[in-house]
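Hi everyone, thanks for coming. I'll put the sequence and the structure up, and then we'll walk through them together.

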Amino acid sequence: MKFVTPRLLRDAQVLTVWERTANVLGQELIRLVNKFSAHELFIEAMESRLASLKSGEAVSIVREQLTFVAHQLHEYANADVLIQQVEAKPLMQTLAYVYESIVALEWVQKHGETYADLVDI
């Protein structure tokens with residue numbers, strides 16, 4: 001006679017590991033874009049943060065990337081559910097890169113001179 005409980009417990013533990021962070025974030029992107037139009041909020045927030053930075057080559061490069069990503073996000077929001085599932089993980093990775101780039105630019109413009117003094121030591 002077999003008991004189902006040990007198998008259910010084993011499967012429950014494996015499934016939490018199976019998803020991994022990237023898959024969970026991809027699924028969250030699908031939900032947020034479709035339910036709350038979060039892509040528009042992301043674009044607006046990133047454009048606002050970029051606008052507060054001093055102009056420069058790095059800011060221009062990130063601004064170009066944000067424009068490209070904004071186009072991708074609008075296409076993604078209007079795509080079929082299956083396309084969204086396939087594209088969710090790579091698009092979420094791209095969004096993370098854009099966000100990290102903007103945070104790095106903000107940090108450099110706020111602390112750049114102080115950090116440069118430390119590096120010269």
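I'll start with the overall layout, then go through a helix, the core, the salt bridges and a few single residues.

A quick word on the ground rules. This is a predicted model, so I use local features where pLDDT is at least 70 and side-chain atom pairs at pLDDT 80 or more, while totals for chains, interfaces and linings use all residues. Residues are numbered from 1 along each chain as its sequence is written, and side-chain values use heavy atoms, with hydrogens and water left out.

Okay, the layout. How many helices and strands does the protein have? There are four helices and zero strands, and from the N terminus on the order is α-α-α-α. Helices here are DSSP runs of H or I with at least four residues, strands are E runs of at least two, and numbering goes from the N terminus.

The protein has 121 residues, and 21% of them count as buried. Buried means under 20% relative accessible area, exposed means over 50%, and partly exposed is in between, with a 1.4 Å probe and protein chains only. Now contacts, meaning heavy atoms within 4.5 Å. Taking those with a separation of 6 or more, 71% are between residues 24 or more positions apart.

Let's look at H2, which covers residues 38-51. From first C-alpha to last, its 14 residues reach 20 Å, close to the 20 Å expected at 1.5 Å a residue. That expected span is 1.5 Å times one less than the number of residues. Which residues of H2 are buried? They are His 39, Phe 42, Ile 43, Met 46 and Leu 50. Looking down the helix axis, these fall within an arc of 95°, so they line one face; the arc is taken from the directions between the helix axis and the C-beta atoms. On the other side of H2 you'll find Leu 41, Glu 44 and Ala 51 exposed.

Leu 50 brings us to the core, because it is one of the residues with the most contacts inside the largest nonpolar core, along with Leu 73 and Tyr 76. By nonpolar core I mean buried Ala, Val, Leu, Ile, Met, Phe, Trp, Tyr and Cys residues joined through side-chain atoms within 4.5 Å. This one has 22 residues. H1, H2, H3 and H4 each give two or more residues to this core, and H3 gives the most, with eight. As background, in soluble globular proteins nonpolar side chains tend to be buried together.

Stay on Tyr 76 for a second. Leaving out residues up to four places away in sequence, Tyr 76 touches Leu 29, Ile 30, Val 33, Gln 84, Glu 87, Ala 88 and Leu 91. Pick out Gln 84 from that list: Gln 84 sits in helix H4, residues 81-120. Is Gln 84 buried or exposed? At 1% relative accessibility, Gln 84 counts as buried. With the same sequence cut-off, Gln 84 touches Ile 30, Asn 34, Tyr 76, Ala 77 and Ala 79.

Next, salt bridges: a side-chain nitrogen of Lys or Arg within 4 Å of a carboxyl oxygen of Asp or Glu. The whole structure has two. One is Glu 28 with Arg 31, where the closest N and O atoms are 2.6 Å apart. Both lie in helix H1, residues 4-36, three residues apart, which is about one turn of the helix. The other pairs Glu 106 with Arg 49, at 2.7 Å between the closest N and O atoms. Glu 106 is in H4 and Arg 49 in H2, so this pair ties together parts that are 57 residues apart in sequence.

Finally, two serines. Ser 37 lies in the loop between H1 and H2. Its phi is positive, about 50°, although Ser 37 is not a glycine. For context, most residues other than glycine have a negative phi. Ser 37 is partly exposed, at 35% relative accessible area.

Ser 101 lies in helix H4 and is partly exposed too, at 30%. A polar atom of the Ser 101 side chain lies 2.8 Å from the backbone oxygen of Tyr 97.

That's my tour, so over to you for questions.

Notes:
Polar contact = N/O pair within 3.5 Å; in protein donor to acceptor, adjacent residues only side chain to side chain.
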